[in-house]
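Reader: Hi! I'm in my first year and still learning to look at these things. Could you take me on a close look at the place where the ligand sits?

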Amino acid sequence: MTEPLILHEFALSGNCYKIRLTAAHVGAVLQRREYNILKLETRTPEFVNNISANARIPVLQIGDRFLPESNAACFWLADSSPLIPIDRFERADMLHWMNWEQYFHEPHIGTMRFLRAFLFEENWSAEQRAAVPTRTEMGNRALGLMEDHLATRHLATRKWFVGDTPTLADICLFPYTSTAKEGGFDLSRYPHVSRWLADVAALPAHVTIIA
Ligand SMILES: N[C@@H](CCC(=O)N[C@@H](CS)C(=O)NCC(=O)O)C(=O)O
């Protein structure tokens with residue numbers, strides 16, 4: 001018997017979307033429990049004691065076990081699927097992009113989206129406002145690095161981030177890149193990234209963030 005899978009989430013979060021996107025690609029069925037992070041619903045003692053001590057979504061519940069961190073949850077779902085490369089170097093390279101996404105991409109691009117599209121400028125704290133130029137610069141640097149990577153592969157371009165087929169690296173980079181415009185980023189400056197976004201969205205199992 002397979003264990004029930006419950007995604008504790010805020011549906012419009014890119015980190016939560018990437019888990020639903022992975023599930024769609026591997027044919028996993030998720031039950032969904034929604035928490036409004038704008039109302040601090042993950043900061044309650046009930047959530048901290050029963051779901052995740054880190055007081056953040058997403059958390060993938062597998063039976064009676066709880067797996068926080070979006071990319072760990074994606075890996076659990078995609079393990080042994082075609083989204084995980086067989087080649088040892090490519091498997092590690094996939095992890096490189098997933099770690100990079102969490103440290104150099106999402107903290108700037110995802111945070112700018114949260115500030116502009118969810119919190120709204122009139123509600124920014126002085127600290128949030130002061131960090132906007134740096135976050136914008138760092139977000140553009142991240143998009144530029146993706147652009148350069150996709151643009152150069154010997155004498156051709158790269159279709160996917162790792163190897164010749166879509167991997168979890170593409171799935172995990174997609175949510176915050178595809179919504180970067182909501183954070184004020186101009187994707188027309190990044191034609192290879194825009195082409196890659198269209199390729200990911202054209203995969204047969206693709207689902208949108210609002211699906
Ligand atoms: N690195 C974590 C990030 C988790 C995270 O920061 N989640 C945000 C939403 S994307 C959250 O729960 N915010 C609510 C809060 O900070 O109260 C992951 O990838 O899952």
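Author: Sure, and let's start with a term we'll need: a polar contact here is a pair of N or O atoms within 3.5 Å. Keep in mind as well that this is a predicted model.

With that cut-off in hand, look at R43: a polar atom of its side chain comes to 2.7 Å from one of the ligand's oxygen atoms, so that pair counts as a polar contact. Now find Q102, where a polar side-chain atom lies 2.6 Å from a nitrogen atom of the ligand. I57 joins in too, but with its backbone: a polar backbone atom there is 2.7 Å from a ligand nitrogen. How much of the ligand does the protein cover? On its own the ligand has 510 Å² of accessible area, and the protein covers 80% of that.

Next, zoom out a little to see the whole shell. Around the ligand you'll find S13, N15, I37, T42, R43, R56, I57, P58, E69, S70, Q102 and Y176. Sort them by character and you get 4 nonpolar, 5 polar and 3 charged residues. As for the place itself, the ligand sits in the largest pocket.

Two of those shell residues, I57 and P58, deserve a second glance. The peptide bond joining I57 and P58 is cis, with omega at about 5 degrees. Most peptide bonds are trans. To place P58 in the fold, look in the loop between helix 2 (45-50) and strand 3 (59-62).

While you're in this part of the chain, check the loop between strand 2 (31-34) and helix 2, where L40 lies. L40 isn't a glycine, yet its phi is positive, about 60 degrees. Most residues other than glycine have a negative phi.

Finally, let's put the site back into the whole chain. There are 7 helices and 4 strands, and reading along the sequence gives you β-α-β-α-β-β-α-α-α-α-α. The radius of gyration is 17 Å, close to the 17 Å from the globule rule for 211 residues, so the chain is as compact as a globular protein of that length. If you drew a box around the C-alpha atoms along the principal axes, they would fill roughly 55 × 50 × 25 Å.

Technical notes
Residues numbered from 1 in each chain as written. Predicted model: local features only at pLDDT ≥ 70, side-chain atom pairs only at ≥ 80, totals over all residues. Heavy atoms only, no water. Near = heavy atom within 4 Å. Polar contact = N/O pair within 3.5 Å; in protein donor to acceptor, adjacent residues only side chain to side chain. Areas by Shrake-Rupley, 256 points an atom, 1.4 Å probe, with all protein chains shown as cover. 1 Å grid on protein atoms, 1.4 Å probe; cavity = no way out; pocket = protein on both sides within 12 Å on 5 of 7 lines; lining within 4 Å. Sits in = over half its atoms within 2 Å of the grid points. Nonpolar A, V, L, I, M, F, W, Y, C, P; charged D, E, K, R; others polar. Helix = DSSP H or I, 4+ residues; strand = E, 2+ residues; numbered from the N terminus. Rg over C-alpha atoms; globule rule 2.2 N^0.38 Å.
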